[in-house]
Amino acid sequence: MTAQRIFLITAATGNVGPHVAAQLLETGATVRALVLKDDPGVAKLPDGVDLHYGDLADPDTLDSALDGVHGVFWMWPFFTLGVETAPAVLAKIERQADRIVLVSSVGVHIGLERQDNNCHAHLEELIERTSLNWTFLRTTGFMANALGFAGQIKDGGVVHFPHGAAARTSVHEADLAAVGVHALTEDGHARRKYLVTGPEILTQQEQVTIIGEVIGRPLGWQDVHAQVAREQMVKAGWPPSYADGALDYFATLAERPEVKSTVVADVTGRPARTFRQWAEEQADFFRTPDTEADAATEADDALALLWERVYDPLTTTVLASLPVERGWRCLDVGAGAGSMSSWLAAQADEGSVLAIDTDIRLLDGRRGGNLTVRRQDVTEAEFPSNSFDLILARAVFEHLPRAEETLDAAVRWLAPGGWILLQDFYFLPSEHAVSPAARALIGAYFAGWKAAGADMHWGRRLPSTFARAGLTSISMRVTPLGPGNHELDSELIRLRMKLQGPAMVERGMVSGEDLDAFVAGLDDPRDRDVTMLQFSVWGQKPAH
């Protein structure tokens, strides 16, 4: 059996380290994070990371973290630590590791360093003298740097900062991490000096405009004198020389755009993420407190919890028929509030459960034991082959833009003999509903789903799609759903109408009279109806 490779991440709790950790874990590696004691940022690291307490200022504290490592993802905390101990730290790394990936700077690429500091260029020179297989990531600014504008955006909606016309090619932290992970885990990257950038050139002012578009309110930009910004930066913890260097660099970018590359796509095989994508992920950091929005979030949470009460029995009945074995490795895709993740963790008590979703607010409290929670979009996930014995996804694939491609990927992640269970819906024609009010409400509701990109007929195609994906032992269960069929199902519809109905009326999709009549009909046997079918389809990956 091949030994599991071990990787160490330094400065692991910043903007990049948690992404590196999550992506290394997906490769099946053992991941260690070097952290300071009482570091509040450890909460950002995903479950499954081994914490090792040490300080780059004291190289002797690194021994246990470095023991047996294959590679190191090296970031140096220049803001808080000089480079005096870097040679001793590097010597310890060289005695243990084969590979090192250094997060360097675009300043080295364009020749700005060593003119203005003794940072990344110094570390590169030290590493080049070693026997390590090294890769340098000469990165432009992180998209996360825009979080520095969050306070001004919340307070007044106008950002006061110099050089709004400075044109950046900022990189998404997850993309920088991905290039580093490829360099650590694959051959062909040794002695490469990669210029890592984002895919687009945007001025600082354009970045703020995009943030405003994402959060739904116009934002402004006001250039201020560099000296004013320098004082604020130093007060916030920037070393004075670093603040001067950054502001001088921004001034040059107002005249000539920052350099750009295709390294992210070339190395990872995937397009680099845009600033808009980053802003959508981080939107909550820029929004002002909103009581109405908080109430809407609570309502959505209540809906998610009731949804699970309705559909969990349909899911557990199928899974119990497999049955789930105690040592299985399970993946719960779009895990929602996590009820099925917890159920699987109890069944596979000697195995593991990974629960992924793009919104993990309701999942966070379920972490622990053999249940790991991760914020992850399944369409962007990368897992090694043979990672799971069971993959579950409920009401997920019908919303995916490339559902069949994602299913093919899921089959690759399955171990031979493993199972996939998908539960999705087939929406019946709304014009056949039993009452005028039902025809109006259901038609409007389904139209909203369709406009949002849902495939209204995906569930019906699941059996044939499974067969084309190479699955065998395919089975199917179809459950009729709609007003009056099940008490909890009717309650779910009632709650949906309470939360979403007024907005449908306000937008002119339905009348208030139709809404009231439809809700009243939920208790009337004469309005009992079947409006959609839930298809539960499961199949097995061939053992050979």
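**Group meeting: a walk through the predicted chain**

N386 lies in the loop between β14, residues 371-375, and β15, residues 388-394. I start there for its backbone. N386 is not a glycine, yet its phi is positive, at about 65 degrees. Is N386 buried, partly exposed or exposed? It counts as partly exposed, because its relative accessibility is 39%. Keep in mind that this is a predicted model.

Now go to the other side of β15. A395 sits in the loop between β15 and α15, which covers 403-413. A395 is another non-glycine residue with a positive phi, about 55 degrees here. Its relative accessibility is 18%, so A395 counts as buried, the cut-off being 20%.

One more backbone point. Which peptide bond is cis? The one from L322 to P323, with omega near -10 degrees. P323 belongs to the loop between α13, residues 291-320, and β12, residues 329-333.

Let me step back to the whole chain. The secondary structure comes to 19 helices and 18 strands. The radius of gyration is 26 Å, and the globule rule gives 24 Å for 544 residues; those values are close, so the chain is as compact as a globular protein of that length. Along the principal axes, the C-alpha atoms fill a box of roughly 80 × 60 × 40 Å. Buried residues make up 52% of the 544. Take the contacts with a separation of 6 or more. Of these, 75% join residues 24 or more positions apart.

Next, helix packing. The helix to watch is α16, residues 436-451. Its axis and that of α18, residues 487-506, come within 12 Å. They cross at roughly 85 degrees. That angle falls between 65 and 115, so α16 is roughly perpendicular to α18. Who makes the contact? On the α16 side, L441, A444 and Y445; on the α18 side, R496, M497, Q500 and M504. By class, that is 5 nonpolar, 1 polar and 1 charged.

There is also α19, residues 512-521. The axes of α16 and α19 come within 8 Å and cross at roughly 105 degrees. So α16 and α19 are roughly perpendicular to each other. From α16, the contact uses A437, A438, A440, L441 and I442. From α19, it uses D514, L515, A517 and F518. The classes here are 8 nonpolar, no polar and 1 charged. Note that L441 appears in the contact with α18 and in the contact with α19.

F518 brings me to V16. The two are 502 residues apart along the chain, and their C-alpha atoms are separated by 50 Å. V16 is found in the loop between β1, 6-9, and α1, 17-26. With a relative accessible area of 1%, V16 is buried. What does V16 touch, leaving out residues up to four places away in sequence? F73, M75, F142, E173, L176 and A177.

Last, the aromatics. A pair of rings is described by the distance of the centres and the angle of the planes. The count comes to 16 aromatic pairs. One of them is W74 with W76: 5.7 Å centre to centre, 90 degrees between the planes, edge-to-face. Both W74 and W76 are buried. Elsewhere, ring pairs link W307, Y311, F425, F427 and F446 into a cluster. F446 falls within the 436-451 range of α16. That is a good place to stop.

Notes
Residues are numbered from 1 along each chain as its sequence is written. This is a predicted model: local features need pLDDT of at least 70, side-chain atom pairs count only at pLDDT 80 or more; totals for chains, interfaces and linings use all residues. Side-chain values use heavy atoms; hydrogens and water are left out. Axes are lines fitted to C-alpha atoms, for helices over the stretch in contact, and angles run from 0 to 180 degrees between N-to-C directions. Helices (H or I, at least four residues) and strands (E, at least two) are DSSP runs, numbered from the N terminus. Angles under 35 degrees count as roughly parallel, over 145 as roughly antiparallel, 65 to 115 as roughly perpendicular and the rest as oblique. Contact means heavy atoms within 4.5 Å. Ala, Val, Leu, Ile, Met, Phe, Trp, Tyr, Cys and Pro count as nonpolar, Asp, Glu, Lys and Arg as charged, and the others, Gly among them, as polar. Rings of Phe, Tyr and Trp (its six-membered ring) pair if their centres lie within 6.5 Å; planes under 30 degrees apart count as stacked, over 60 as edge-to-face and the rest as tilted. Buried means under 20% relative accessible area, exposed over 50%, partly exposed in between (1.4 Å probe, protein chains only). The radius of gyration is taken over C-alpha atoms; the globule rule is 2.2 Å times the number of residues to the power 0.38.
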